[in-house]
Number of protein chains: 2
Amino acid sequence: MQFEISSIATVFNDRKAITDDFWGDVISEIKLTDNIPAEAFDGIEEFSHAEIIYVFDKAVNGKVVVGSEHPRENKAWPKVGIFAQRKKNRPNFLGATICKIVKRDGRSLFVQMLDAIDGTPVVDIKPVMKEFLPALPVTQPGWSNELMKDYWK
Amino acid sequence: MQFEISSIATVFNDRKAITDDFWGDVISEIKLTDNIPAEAFDGIEEFSHAEIIYVFDKAVNGKVVVGSEHPRENKAWPKVGIFAQRKKNRPNFLGATICKIVKRDGRSLFVQMLDAIDGTPVVDIKPVMKEFLPALPVTQPGWSNELMKDYWK
């Protein structure tokens with residue numbers, strides 16, 4: 001099944017280049033597109049976190065390997081399929097990241113810990129509720145902790 | 001900006017009707033579409049949780065109010081904009097839910113706590129890493145806790 005989606009907002013920040021790490025201090029302004037009223041953000045400031053769903057638009061039309069590959073081409077890590085990784089070259093090129101809400105200002109939402117570069121199109125924003133976070137402890141393979149070592153620095 | 005996305009998998013479960021609550025015990029099989037190799041799931045069983053991004057396809061072409069409305073039309077709760085709610089009638093009709101991985105079996109991933117009905121098209125699956133969960137405590141308005149009271153029962 002195919003669906004057409006449209007950006008509802010755009011990311012503005014000082015990250016112009018596509019790089020893997022050091023996203024922790026980036027503050028991003030997420031500004032609604034002209035066709036969405038500011039009211040769409042009403043009440044969002046009552047939440048501490050929001051999940052931002054965006055499109056890796058610079059990767060669209062790029063190569064996607066869905067079969068097993070070493071994350072970041074690091075042979076010290078096991079080969080895993082695309083749905084056991086979070087990299088951008090994936091079917092549908094969607095990113096989804098839970099961010100800290102800094103403030104809402106009219107048509108803009110300011111967030112911290114969004115790993116998307118300047119100009120990235122946003123396709124949805126969802127408030128984070130505790131009830132949607134894992135109730136049981138999260139476990140994951142060691143390679144993923146190694147990969148994330150400098151991600152939020 | 002517009003993008004075309006395609007389902008990469010389909011949900012199979014015993015929830016045929018669209019209802020708000022009682023999703024906790026639902027076990028869903030997420031089966032890859034024919035064009036995606038089973039290998040796309042390799043390594044996913046090393047993770048305890050996965051985020052499922054799906055399309056509320058039954059709601060597509062339905063009415064979307066992006067401005068302020070009472071969640072579930074409950075006037076006891078404040079009016080909030082579409083991005084301060086998680087309801088299905090939203091721009092782009094995307095759902096995103098973190099689920100417990102039950103098992104992977106070839107081309108299928110079995111998960112618990114997916115709030116999507118039978119036949120729902122899935123557009124992405126991401127492994128959940130602790131590093132992508134909120135580092136700071138999550139706070140949210142009281143109405144959202146009330147709304148979620150029976151959601152996972």
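**View 1. Two positive-phi residues in the β4-β5 loop of chain A.** Glu73(A) sits in the loop that links β4 and β5 of chain A. Keep in mind while looking around that this is a predicted model. Phi of Glu73(A) comes out near 55 degrees, a positive value for a residue other than glycine. Is Glu73(A) buried or exposed? Glu73(A) counts as exposed because 7 other C-beta atoms lie within 10 Å, and the cut-off for that class is 12 or fewer. Arg72(A) belongs to the loop between β4 and β5 of chain A as well. Arg72(A) also has a positive phi, about 50 degrees, although it is not a glycine. With 13 C-beta neighbours inside 10 Å, Arg72(A) is classed as partly exposed.

**View 2. The contact between chain A and chain B.** Here 67 residues of chain A meet 67 residues of chain B. On the chain A side, β1 (2-6), β4 (49-55), β5 (94-105) and β7 (121-127) each put in at least two residues. Which strand gives the largest share of that side? That would be β7(A), with six residues. By residue type, the side of chain A that touches chain B splits into 38 nonpolar, 15 polar and 14 charged.

**View 3. β1 meets β1 across the two chains.** Zoom in on β1(A) and you'll find it paired with strand β1 (residues 2-6) of chain B, antiparallel, over five bridges. For a spot to start from, pick Ser6(A), which stands opposite Gln2(B) in β1(B).

**View 4. The axis that relates the copies.** Chain A drops onto chain B after a rotation of 180 degrees with 0.0 Å of shift along the axis, at an RMSD of 0.0 Å. That's why the relation is the one of a two-fold axis. In chain A, the C-alpha nearest the axis belongs to Glu4(A), at 2.3 Å from it. Both copies use the same surface, with 100% of the contact residues of chain A recurring in chain B.

**View 5. The barrel of chain A.** Six strands of chain A close into a barrel in the order β2-β3-β6-β5-β4-β7, with antiparallel pairing. On average, and ignoring direction, neighbouring strands of this sheet are turned by 45 degrees against each other. One of the seams joins strand β2 (residues 9-12) of chain A to β7(A), antiparallel, over two bridges. At that seam, Thr10(A) has Pro121(A) in β7(A) as its bridge partner.

**View 6. The barrel of chain B, from β2 outwards.** Chain B has a closed barrel of six strands too, running β2-β3-β6-β5-β4-β7 with antiparallel pairing. Its neighbouring strands are turned by 45 degrees against each other on average, direction ignored. Which residues of strand β2 (residues 9-12) of chain B make up its covered face? Ala9(B) and Val11(B) do, while Thr10(B) and Phe12(B) form the uncovered one. The general pattern is that side chains in a regular strand alternate between the two faces of the sheet. On one seam, four bridges tie β2(B) to β3(B), antiparallel, and Ala9(B) is bridged to Leu32(B) in β3(B). Another seam has two bridges between β2(B) and strand β7 (residues 121-127) of chain B, again antiparallel, with Thr10(B) bridged to Pro121(B) in β7(B). Elsewhere in chain B, strand β5 (residues 94-105) and strand β6 (residues 108-112) pair antiparallel over five bridges. There, Lys100(B) finds its bridge partner in Gln112(B) of β6(B).

**View 7. Around Leu32(B).** Leu32(B) is part of strand β3 (residues 27-32) of chain B. Why does Leu32(B) count as buried? Because Leu32(B) has 24 C-beta neighbours inside 10 Å, and burial takes 20 or more. Setting aside neighbours within four places in sequence, Leu32(B) touches Ile8(B), Ala9(B), Ala38(B), Ala40(B) and Arg107(B). Met148(B), 116 residues away along the chain, has its C-alpha atom 30 Å from that of Leu32(B).

**View 8. Val122(B) and the largest nonpolar core.** That core holds 81 residues, and those with the most contacts inside it are Ile52(A), Val122(A), Ile52(B) and Val122(B). Center on Val122(B) and, beyond its neighbours within four places in sequence, its contacts include Ile30(B), Ile52(B), Ile53(B) and Tyr54(B). Also among them are Ser7(B), Ile8(B), Ala9(B), Thr10(B) and Val11(B).

Notes: Residues numbered from 1 in each chain as written. Chains lettered and ligands numbered in written order. Predicted model: local features only at pLDDT ≥ 70, side-chain atom pairs only at ≥ 80, totals over all residues. Contact = placed C-beta atoms within 7 Å. Nonpolar A, V, L, I, M, F, W, Y, C, P; charged D, E, K, R; others polar. Pairing = 2+ DSSP bridges. Least-squares fit on C-alpha atoms with pLDDT ≥ 70 in both. Axes fitted to C-alpha atoms, helices over the stretch in contact; angles between N-to-C directions. Core = buried A, V, L, I, M, F, W, Y, C linked by C-beta atoms within 7 Å.
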